[in-house]
Structures are given as C-alpha cells and as structure tokens.
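User: I'm new to reading protein structures and I keep tripping over the vocabulary. Can we go through some of the labels and check what earns them?

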Amino acid sequence: MRRAALGLAAWPARRSAAIARVSRCNSYANRVIGRRCISHHTNQSIAQLLQWKPAEKADDVVVNGYVRSVRSMKAHRFVSLGDGSSLAPLQALVHTDQAQGLAVGAAVRLTGSWVASPGNSQSHELHASKVEVLGPSDPKTFPIQKKYQTPEYLRTMPHLRPRTPLQGLLLRLRSDAIATLTHFFASQRFTQTHPPIITSSDCEGAGEVFTLAPATKPDRSGSKSVPEDSFFRSKKYLTVSTQLHLEALAQAVGNVWTLSPVFRAEQSDTSRHLSEFYMLEAEMSFVDNLETVMDLTENMLRSLSTSLFATTTIQELFSRSAQIGSGLAPADEVKRRWEGLMQPSWPRITYTEAIRLLQQKAELFTLKPTWGAGLQSEHEKFLAEHVGGGKPVFVTNYPRDIKAFYMLEAQSDPQSPGATVECFDLLVPELCEIAGGSMREHRLPHLLDAMRRHGVVTPASQMAGEIIAGQDSHDSGSNLGWYVDLRRWGCPPHGGFGLGFDRLLSYMAGVQTVRDIVAFPRWYGRCDC
C-alpha cells in the first residue's frame with residue numbers, strides 16, 4: 001500500500017474553493033446575461049437563459065433551438081425547446097395562431113418576453129410574440145419522440161441520437177474534460193503532440209490491427225485486386241497505440257502527451273470494447289522509477305474530477321430525472337465514483353500481492369487466480385472493491401511473459417516466483433481497468449533480448465546488441481528498426497501510460513456501455529454512418 005502523494009492532503013479545501021469559484025462565476029454570469037438579454041435581439045443559449053432569473057419582465061429575448069415536445073391548450077401551445085446546452089428544456093408559451101409548423105424535431109427561432117413562470121418546472125418561461133420555423137420536421141416520421149427510447153434503439157440512428165438531451169450532456173462532458181486535461185498538462189509543462197494514425201507496426205503485438213489500402217477502380221479486366229502494399233510499398237496499419245512514436249517525440253522535447261484516435265480489429269461484442277476509440281497517452285523522459293509515472297496518472301485524474309465536479313454539466317448529471325437517466329448507473333453511485341477519484345493516496349499493490357489476496361478468496365471466482373496468468377474481470381472487480389474501498393487501485397509488476405516487449409524488467413523480488421516488469425494497471429470500481437503504463441526498456445541489448453523472447457522480429461543489422469558497420473538498420477524488412485534506433489543514440493530512462501478516454505468518460509458518466517459515450521460508435525459488425 002502506498003503513502004499519500006505530496007501536496008494532496010488538502011484536496012477537500014481545494015474542492016470547496018473550486019465550488020466557491022463556480023458559484024461566484026454563476027452569480028456574475030446572471031448579472032451579465034441580464035444586461036445582455038434586455039438589449040434588442042440578443043441570442044443566448046438555453047442553458048444561459050435557464051440560469052437567468054430577472055425580477056422584471058425582459059422583452060425582445062431571442063431563443064434558437066429544436067422542438068422537443070408540444071402540448072396543446074385551448075388558446076396556447078406549451079413548447080419545450082432544447083439546443084444541447086442543457087439537460088432541462090426551455091418552456092415557451094406560443095399563441096395557437098402562431099403555432100403552425102411547431103412540430104417535434106423542428107428547428108425554430110422564437111422571440112418574446114422572458115417572464116416569471118407560475119409553474120414549478122422552471123422559474124421563468126418565454127412568452128413568444130414571433131415564431132420562425134427555420135427547419136421544418138414531420139412529426140409522423142421523426143424517429144426521436146419524447147417517450148422513452150432504449151439505448152439499443154437510439155444506436156440504430158447515430159446521426160440523430162446526439163439530439164437527445166442525455167447525448168448532449170455527454171458531448172459537453174467530453175468537451176469539458178478535454179479542456180481540463182489540456183490545462184493540466186500545460187501546467188505540468190508537457191508538450192501536446194499529434195503522432196500518426198497510419199503506422200508501420202503493431203505496437204501491442206496482438207495482431208488485432210486494421211490493414212490500410214486505398215480504394216481502387218476496376219482495371220480493364222474488371223478486377224479490383226490491388227496488393228495491400230501498393231501505396232506505401234509495404235503493409236501499413238491503423239494504429240493501436242501511439243506510444244512508440246511518443247517515445248521518439250519525448251527524446252526531442254521532453255515530456256509529451258496526446259489524445260488521439262486508435263483502432264483495434266478485435267472481434268469483441270462486449271460493453272467495454274470499440275473498434276475506434278480515443279486514447280490519452282503520455283511519455284516522460286529522464287524518469288527513473290514507476291512511482292513517478294503513477295503519480296502523474298493519479299494527479300491527472302484527481303485534477304480532472306476535482307475541476308469538473310462543481311460545473312453545471314456534472315451537477316445536471318447528478319440531479320437528472322429518472323426518465324432521462326434510466327440507461328445510466330444510479331446518480332448516487334455515479335457521485336461515489338467521482339468522490340473516489342477525488343480522494344488522495346490511491347492504494348498500490350503488486351501483482352504478486354494481488355494474486356495472494358485473490359487466492360485467499362478463490363471460492364468466489366469462476367476462474368481461479370494463478371500467478372503468471374492475466375487478471376480476469378472478476379478478479380479486478382474484487383481488487384477494486386476490497387483494496388480500493390471506493391478509490392482507484394494500482395496493480396504493479398506483472399509477470400514479464402504476459403506483458404509487452406518494451407517494458408523494463410524489474411529487479412528480482414524474492415516474493416515473486418518469476419520475472420516481472422515495471423508496469424501498472426489502474427483499476428476502478430465496477431468498470432475495472434481504465435489505464436496502464438510502464439517504464440520502457442531503454443537499453444539496446446536488453447530491448448533486443450526482449451523482442452526475441454516475445455517473438456518480435458528484430459532488425460538483422462543488430463546482433464546481440466552490437467551494430468554491424470556499413471549496414472542499414474532498416475534493411476531487414478523489420479518494421480521496428482526505427483524504434484530500436486532510439487536506443488542507439490542517447491536514450492534516457494523513460495516511462496509513460498495510456499488511458500482509455502472513452503472508457504474513463506463512461507465510468508464518470510455512469511454509462512453502462514462505452515458505445516453510448518461515443519457519438520458515432522464503431523464496433524465489431526457495426527459502422528452505420
């Protein structure tokens with residue numbers, strides 16, 4: 001188990017200060033919005049208007065949005081509008097004579113007075129004096145209605161699903177998280193980089209890669225058969241991880257990070273896997289131990305959750321209605337997840353310690369825990385619950401033979417029955433692993449030995465760690481010659497981590513499947529638009 005990270009004991013005070021800052025900002029926003037909305041024909045988002053509670057009626061207020069529902073009365077229509085900026089709709093009162101074209105799904109612009117509402121759903125409502133239907137909609141064919149629609153049904157129309165209130169909230173959460181993470185890494189003096197998506201190698205070595213080839217027109221014989229290596233002169237792939245390229249960039253400018261799309265051709269139909277997803281990856285130069293890499297990972301996630309906790313988007317997530325949040329984990333459970341992420345001193349245990357703990361409870365598991373085998377989902381859930389106590393848990397020093405070739409071999413441990421590497425997986429309650437990292441093998445002879453041991457092709461020009469004069473390190477056809485080159489000239493100790501960004505967001509939002517946190521999900525057998 002580990003000690004508290006330096007400077008993090010005061011996290012509750014920091015959280016309170018953050019909440020106070022947000023409160024002051026909201027108060028200021030109300031005053032500013034108030035002054036602006038009174039001016040003629042000023043547009044505000046629905047979220048801004050719902051926060052504005054003037055004591056007197058304000059005229060010439062303009063609202064743009066999409067009709068969510070229409071309720072008919074004798075002389076008026078109650079119209080609910082949304083624009084993606086708020087989980088709650090804005091209620092507008094429209095005279096029946098002006099209600100033509102106000103159908104579910106229509107894009108409209110309403111102008112009118114912002115007045116106190118006699119109802120309980122919101123403090124104010126818009127009394128429309130002018131109605132413009134900018135984009136008509138046929139209510140009989142529009143597939144997204146106010147009634148409950150299952151996540152499975154909504155996934156069949158990914159081009160329209162983002163218009164639902166919950167998907168709007170999830171898109172805003174993603175945007176806020178990216179902005180916060182960008183600020184965090186800038187404050188830590190990391191350089192943001194953009195590694196390539198097209199790559200010459202399979203970083204993980206699992207073979208679950210998409211091979212890249214250009215679309216072709218039939219030749220004179222009508223054949224479309226073109227070799228896969230015709231464009232780049234050798235096979236290329238969509239990347240499964242940008243780590244190897246980040247190592248090269250880290251040797252240029254120091255600590256680097258990226259948030260990039262990656263691709264896995266894994267024929268999996270589980271709730272945790274996608275064929276296209278985003279990875280947040282960071283690489284640190286001149287780092288001597290794994291503790292520093294874990295500190296960065298922990299501080300980053302704590303900073304993210306603490307910074308976002310008091311925002312309007314997250315408070316909407318916690319206070320959502322039962323109907324809107326029926327596809328999510330319960331709000332109180334989601335809030336506990338955030339509180340766990342904000343806690344200091346996350347536990348750290350070795351793989352060997354974890355196996356010993358799991359074996360003491362072996363009767364609880366379908367697959368018995370064995371040293372030298374990977375941890376199963378049921379094992380990870382047990383560790384996250386019983387070791388973390390609501391906090392995330394680092395599991396370190398896995399067996400060498402079940403981890404990637406590039407990981408640095410750990411010093412021998414008398415308690416471990418076999419060789420291990422300096423690596424970690426980060427487990428969170430309910431979801432299990434969301435991040436993994438390691439120290440990288442920076443010594444040329446040791447890297448070549450590890451590549452041979454894992455069955456990875458090594459450049460022919462490098463034998464037993466020696467460079468044969470006059471030979472090109474890329475002449476063997478090995479796709480990793482350039483990666484080996486990094487160890488030949490001034491390679492310092494270094495390490496880094498990768499975090500499944502979509503999986504993290506699904507954990508923080510309470511989304512039950514990662515397919516619902518992504519606007520246009522692609523998974524085995526499905527790529528709809």
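User: Which residues does Met300 touch, beyond those up to four places away in sequence?

Analyst: Leaving those close neighbours in sequence out, Met300 touches Leu181, Phe184, Phe185, Leu280, Phe497 and Leu499. Keep in mind that this is a predicted model. "Touching" here stands for heavy atoms within 4.5 Å.

User: What makes a group of residues a nonpolar core?

Analyst: The members must be buried residues of certain kinds, such as Leu, Met, Phe and Trp, joined through side-chain atoms within 4.5 Å. The largest such core has 61 residues, and Phe185, Leu280, Met300, Trp338 and Phe497 touch the most other members. Apart from it there is another core of 30 residues, including Val393, Met407, Leu444 and Leu447. As background, nonpolar side chains in soluble globular proteins tend to be buried together.

User: Why is Thr396 called buried?

Analyst: Buried means under 20% relative accessible area. Thr396 comes in at 8%, so the label fits. Thr396 sits in strand β14, residues 393-396. Setting aside neighbours within four places in sequence, Thr396 is in contact with Leu290, Met294, Ile349, Thr350, Tyr351, Cys423 and Phe424.

User: How do you know that the side chains of Thr396 and Asn397 make a polar contact?

Analyst: The distance between them is 3.3 Å, and the cut-off for a pair of N or O atoms is 3.5 Å. These two belong to residues adjacent in sequence, and such pairs count only if both atoms are side-chain atoms. Here the contact runs from side chain to side chain, so the pair passes that rule too.

User: How do you know that β14 and β15 pair?

Analyst: Pairing takes at least two bridges. β14 and β15 are joined by four, and they run antiparallel. One example is Val395, whose bridge partner in β15 is Asp425. On to β16: six bridges join β15 to that strand, again antiparallel, and Val428 has Cys432 as its bridge partner there. β15 and β16 make a hairpin with three residues between them, and Glu430 in the turn has a positive phi of about 70 degrees.

User: What makes β15 mostly covered?

Analyst: Six of its six residues are buried. Cys423, Asp425 and Leu427 are on one side, with Phe424, Leu426 and Val428 on the other, and both faces are covered. That split fits a general pattern: in a regular strand the side chains alternate between the two faces of the sheet.

User: Why is Arg68 called buried or exposed?

Analyst: Arg68 has 18% relative accessibility, so it counts as buried. The cut-off is 20%. Arg68 belongs to strand β2, residues 58-72. A polar atom of the Arg68 side chain lies 3.2 Å from the backbone oxygen of Ser86. The C-alpha atoms of Arg68 and Gly105 are 6.3 Å apart, though 37 residues separate them along the chain.

User: What makes Arg522 and Glu276 a salt bridge?

Analyst: The rule asks for a side-chain nitrogen of Lys or Arg within 4 Å of a carboxyl oxygen of Asp or Glu. For Arg522 and Glu276, the closest N and O atoms are 3.6 Å apart, so the pair qualifies. Arg522 lies in the segment after α13 and Glu276 in strand β12, so the pair ties together parts that are 246 residues apart in sequence.

User: Why are Arg522 and Glu276 given different burial labels?

Analyst: Under 20% is buried, over 50% is exposed, and in between is partly exposed. Arg522 is at 18%, so it is buried. Glu276 is at 29%, so it is partly exposed.

User: How many salt bridges are there by this rule?

Analyst: The count comes to 22. One of them joins Arg337 and Glu333, with the closest N and O atoms 2.8 Å apart. Both lie in helix α8, four residues apart, about one turn of the helix. There is a general reason that spacing works: an α-helix has 3.6 residues a turn, so residues three or four places apart point the same way. Elsewhere, Glu291, Asp295, Glu298, Arg302 and Arg348 are linked in a network of salt bridges.

Notes: Residues numbered from 1 in each chain as written. Predicted model: local features only at pLDDT ≥ 70, side-chain atom pairs only at ≥ 80, totals over all residues. Heavy atoms only, no water. Helix = DSSP H or I, 4+ residues; strand = E, 2+ residues; numbered from the N terminus. Buried < 20%, exposed > 50% of the residue type's maximum accessible area, 1.4 Å probe, protein only. Polar contact = N/O pair within 3.5 Å; in protein donor to acceptor, adjacent residues only side chain to side chain.
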